[in-house]
Amino acid sequence: MLPDEVTKFIGKSIGTVVCEVEKGAIKKFADAVDDPNPFYWDEKFAEKSRHGSIIAPPGFFGWPVKLPRGMTFQRPTDISDPPEVTENMRVALANDGYSRVVDGGIEYEFFQPVRAGDILTAKSIIKDIVGREGKTGKMAFVIIETAYHNQNKELAATSRATAIYR
Amino acid sequence: MAKQIFWEDVNVNDEVTPLPKIATTTMLVKWAGASGDFNPLHYDAAFAALQGVGSPIVHGALKRQWLVQLMTDWMGEQGTLKKFSCSYRAMDWPRKMATTATPEDGETWHCKGKVTKKYDEGGQHYVDCDIWIENGKGEVTTPGTATVILPGRG
């Protein structure tokens, strides 16, 4: 059973982060995966295609416009605005004995392609925090849901990410 | 890219074209920069040892992107990735580099998938798949699912 100090964060908004999707960033991302898909690399091919432009690999949502210096995790879901919400949740978890965190996995649903030049607004909430017993001891699963809207106010994608605290 | 696959040509239990991948220490550095995940668990030997994982481990999200590529390669230019999920169930360790360009010999990971369902919805052709990554020993480290929309021949 997780204490109230932890579960009180359920439902809290982590805020909104505005990201820009740039061609160079798309190429660096695709290069890191070693993915030669011409949609990410070949402008002529991409422009002639049904997408009409270079698109991002599904799972890439650009970089925050207000990119904070020195942060070790720069996914939109790791930057909360105000920062206190995620920080305070982590402190509450640490106080209850959960000081390490690993990425547990993610679910995506895609509605529109993400194009080079798009401005995405990522809005996240702490959807749930669930206590579990594992082989190595107690764990807390923190579920963050994010909605990504583009500059045309279309919903581009949603994600549901699990962070496992132990 | 491979020849376009069409919905009519896909059957339940069909294999998604497997995608081999090799994680190297260099790839992990590139991924840290490209994704913004600078957790030293993935590049700092002393830190990783202190965390109890032996040596730096592959980022879960990098494995996620391999699986995304498994599906975007298979679905072709006309396909659309609609849904995707994966869990990072076991750790993977990258090959070290033998030269600036070439990794040492070591394991190759295999991204695989299998069609579980095909159906029409809202005027589009859907295919659901189970997807996973097998490490060099054939163990599944990253199971998941994916849904793609495929073009029809007609």
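Visitor: What makes V142(A) part of a pairing, and which residue is the bridge partner of V142(A) in β6(A)?

Guide: In this predicted model, V142(A) has A163(A) as its bridge partner in β6(A). That bridge belongs to the pairing of strand β5 (residues 137-149) of chain A with β6(A), which run antiparallel and are joined over ten bridges. Two strands are said to pair if DSSP finds at least two bridges between them, and with ten bridges between β5(A) and β6(A), the requirement is met. Between these strands lies a hairpin connection of five residues, where K153(A) takes a positive phi near 65°.

Visitor: How do you know that β4(A) and β5(A) pair, and in which sense do they run?

Guide: There are 13 bridges joining β4(A) to β5(A), and the two strands run antiparallel; set against the requirement of at least two bridges, this counts as a pairing. One of the positions involved is G131(A), whose bridge partner in β5(A) is A140(A). The two strands form a hairpin as well, with two residues between them.

Visitor: What makes β1 of chain A a partner of β4 of chain A?

Guide: Strand β1 (residues 13-20) and strand β4 (residues 119-134), both of chain A, are linked by seven bridges in the antiparallel sense, where at least two are needed. Within this pairing, T16(A) has K123(A) as its bridge partner in β4(A), while V18(A) stands opposite T121(A) in β4(A).

Visitor: How do you know that β3(A) pairs with β6(A), and over how many bridges?

Guide: Nine bridges connect β3(A) with strand β6 (residues 155-165) of chain A, again in the antiparallel sense, and the cut-off is at least two. Y108(A), for its part, stands opposite S159(A) in β6(A).

Visitor: Why is the sheet called open, and which are its edge strands?

Guide: Eleven strands form the open sheet, with antiparallel pairing, and the order runs β2(A)-β1(A)-β4(A)-β5(A)-β6(A)-β3(A)-β2(B)-β5(B)-β4(B)-β3(B)-β1(B). The edge strands are β2 (63-64) of chain A and β1 (15-21) of chain B, each of which pairs on one side only. In general, the strands of a sheet pair through backbone hydrogen bonds, either parallel or antiparallel.

Visitor: Which helix lies across strands of both chains, and at what angle to β1(B) does it run?

Guide: Helix α3 (residues 60-75) of chain B lies across β3 (101-110) of chain A and also across β1, β2 (80-87), β3 (109-121), β4 (124-134) and β5 (140-150) of chain B, running at about 135° to β1(B).

Visitor: Why is T141(B) called partly exposed?

Guide: T141(B) has 19 other C-beta atoms within 10 Å; a buried residue would need 20 or more and an exposed one 12 or fewer, so T141(B), with its 19, is partly exposed. Its place is in strand β5 of chain B, and, leaving aside residues up to four places away in sequence, T141(B) touches R89(B), A90(B), D92(B), I133(B) and N135(B).

Visitor: What makes up chain A as a whole, and how much of it is buried?

Guide: Chain A has five helices and six strands, which follow one another from the N terminus as α-β-α-α-α-β-α-β-β-β-β. Of its 166 residues, 34% are buried, and its C-alpha atoms fill a box of roughly 55 × 30 × 30 Å along the principal axes.

Key. Residues are numbered from 1 along each chain as its sequence is written. Chains are lettered from A and ligands numbered from 1 in the order in which they are written. This is a predicted model: local features need pLDDT of at least 70, side-chain atom pairs count only at pLDDT 80 or more; totals for chains, interfaces and linings use all residues. Helices (H or I, at least four residues) and strands (E, at least two) are DSSP runs, numbered from the N terminus. Two residues are in contact if their C-beta atoms, placed from the backbone, lie within 7 Å. Axes are lines fitted to C-alpha atoms, for helices over the stretch in contact, and angles run from 0 to 180 degrees between N-to-C directions.
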